[in-house]
Amino acid sequence: FCPWRAGREVTRATLEPDELAVAFDSAHRAGAVSGLRLDSGVARSGPDSMDRLLHTATLLRNRYGFEGYLHLKVLPGAERAQLQAAMSLADRVSLNLEAPTAERLATLTSEKSFDGLLERLGWLRDLQAEFPLQSGVATQMVFGAGGETDRELLAMAQRLYAELGVRRVYLSPFRPVLATPLEGASPPSPLRQARLAQAELLIRRYGMAGDNLAFGPDDHLAAYVDPKMAWALSHPERFPVEVNTATFEELIRVPGVGPLSARRLLHRRRERLVRDPREIALCGAIFRRAAPFLTLNGHATGNLEQFVRQELRRLQDRPAVQLPLWDAPS
């Protein structure tokens with residue numbers, strides 16, 4: 001689906017490393033730009049094209065004295081020494097994984113090795129001990145073209161964060177491009193894009209496990225309820241949570257309570273007990289969402305049973321929803 005894929009009739013151009021370095025330096029000195037994301041198509045081979053990127057970056061740093069933000073893309077087939085050089089020059093390095101499994105990647109390209117991509121992400125993780133990057137390592141997975149499920153995407157995102165030291169996993173929606181093998185495939189819905197973005201945030205900032213979110217029998221997130229609420233509704237044993245004794249990890253599992261509002265609640269508790277529901281809202285929580293899942297000094301701040309019944313009624317007319325919601329009390 002890449003607009004610049006090999007074999008597609010499209011006008012192509014190449015800049016020599018010094019041409020690009022001069023052009024960027026001129027724009028930077030004129031105040032038109034402040035940073036650079038440096039990428040390239042693969043001409044001849046991945047290592048050869050990677051050498052050209054590194055040459056450009058070296059010119060910018062050493063000849064033109066550029067000290068600002070520099071993001072370098074790692075090209076397929078790049079060698080370990082090239083990754084080391086990239087990390088010595090850049091603020092961020094990225095390598096696109098493209099798909100969550102080898103099987104899914106094979107439906108998108110026959111030119112990339114899934115194991116090879118994972119191996120290079122492992123190299124980047126190991127090299128960060130010697131070359132700590134200001135903005136870390138990033139990667140991207142595309143969804144909507146290879147039949148991948150939300151569970152597969154989020155489980156891999158969890159692995160990338162927990163095991164491979166990736167700073168940011170971007171989940172990007174597939175867009176069909178004319179004159180490519182996937183030109184007739186349909187793009188994913190904006191609603192799926194929104195739910196995946198919310199779920200990725202839960203993994204990255206809330207510490208939730210990617211394969212422990214609430215999925216339907218088809219291994220996709222529910223479209224009409226946000227992933228955090230879906231998880232809460234699927235785990236009645238975790239609620240309600242007592243505001244004055246809950247841990248940080250327990251508080252951020254509550255719908256309407258984020259990391260910042262949870263920290264503010266903990267700070268307030270160190271000074272005195274929280275006694276008024278309005279204090280919860282003053283800490284930044286969305287109280288109307290959080291209330292059914294909380295108690296305050298042993299007293300419920302909302303009606304959890306009534307809330308669950310309302311949610312089930314709201315969702316029962318949504319045939320696309322396949323969510324393991326807990327049974328509403330009779």
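# Close-up views of helix packing and loops

**Figure 1. Surroundings of D48 in helix α2.** D48 is partly exposed, with a relative accessible area of 27%. That value lies between the 20% below which a residue counts as buried and the 50% above which it counts as exposed. The model shown here and in the other views is predicted. D48 belongs to helix α2, which spans residues 46-63. L15 lies 33 residues away from D48 along the chain, and the C-alpha atoms of the two are 14 Å apart.

**Figure 2. Packing of α2 against α3.** The axes of α2 and α3 are 10 Å apart and make an angle of about 25°. Because angles under 35 degrees count as roughly parallel, the pair α2 and α3 is described as roughly parallel. The two helices, α2 and α3, cross in a left-handed sense. On the α2 side the contact is formed by P47, M50, D51, L54, A57, T58 and R61, and on the α3 side by Q82, A85, A86 and L89. By class, this contact of α2 with α3 comprises 7 nonpolar, 2 polar and 2 charged residues.

**Figure 3. The buried face of α3.** Helix α3 covers residues 80-89, and its buried residues are Q82, L83, A86, M87 and L89. These buried residues lie within an arc of 165° when seen down the axis of α3, so they line one face of the helix. An α-helix has 3.6 residues a turn, so residues three or four places apart point the same way. The cover over the buried residues of α3 includes two helices and two strands: α2 (46-63), α5 (114-127), β2 (69-73) and β3 (92-94). Among the buried residues of α3, Q82, A86 and L89 also take part in the contact with α2.

**Figure 4. Packing of α6 against α7.** Helix α6 consists of residues 150-162 and helix α7 of residues 190-206; their axes are 10 Å apart at an angle of about 30°. With 35 degrees as the upper limit for a roughly parallel pair, α6 and α7 are therefore roughly parallel to each other. The crossing of α6 with α7 is right-handed. From α6, the residues D150, L153, L154, A157, Q158 and Y161 meet R192, L196, A199, E200, I203 and R204 of α7. The contact of α6 with α7 divides by class into 7 nonpolar, 1 polar and 4 charged residues.

**Figure 5. A223 beside α7.** A223 sits in the loop between α7 and α8. A223 is partly exposed, at a relative accessible area of 23%. Leaving aside residues up to four places away in sequence, A223 touches L191 and R195. A194 is 29 residues from A223 in sequence, with a C-alpha to C-alpha distance of 9.0 Å.

**Figure 6. The start of helix α4.** A102 is in helix α4, which runs over residues 102-106. The relative accessible area of A102 is 42%, so this residue is classed as partly exposed. Between the C-alpha atoms of A102 and K112, which are 10 residues apart along the chain, the distance is 9.6 Å.

**Figure 7. Backbone geometry in three loops.** Most residues other than glycine have a negative phi, and most peptide bonds are trans. A179, which is not a glycine, has a positive phi near 65°. A179 lies in the loop between β5 (168-173) and α7, and is exposed, with a relative accessible area of 53%. N297 is not a glycine either, and its phi is positive at about 55°. The loop that holds N297 runs between β7 (294-296) and β8 (299-300), and the residue counts as partly exposed at 34% relative accessibility. The peptide bond from F239 to P240 is cis, with omega near 0°. P240 is in the loop between α8 (227-234) and β6 (241-242).

**Figure 8. The chain that holds these sites.** The chain contains 13 helices and 8 strands. Its C-alpha atoms fill a box of roughly 70 × 50 × 35 Å along the principal axes. Of the 330 residues in the chain, 47% are buried. Among contacts in the chain with a separation of 6 or more, 63% are between residues 24 or more positions apart.

Notes
Residues numbered from 1 in each chain as written. Predicted model: local features only at pLDDT ≥ 70, side-chain atom pairs only at ≥ 80, totals over all residues. Heavy atoms only, no water. Axes fitted to C-alpha atoms, helices over the stretch in contact; angles between N-to-C directions. Helix = DSSP H or I, 4+ residues; strand = E, 2+ residues; numbered from the N terminus. Parallel < 35°, antiparallel > 145°, perpendicular 65-115°, else oblique. Left-handed = near helix turned anticlockwise from the far one by under 90°. Contact = heavy atoms within 4.5 Å. Nonpolar A, V, L, I, M, F, W, Y, C, P; charged D, E, K, R; others polar. Buried < 20%, exposed > 50% of the residue type's maximum accessible area, 1.4 Å probe, protein only. Arc of directions from axis to C-beta.
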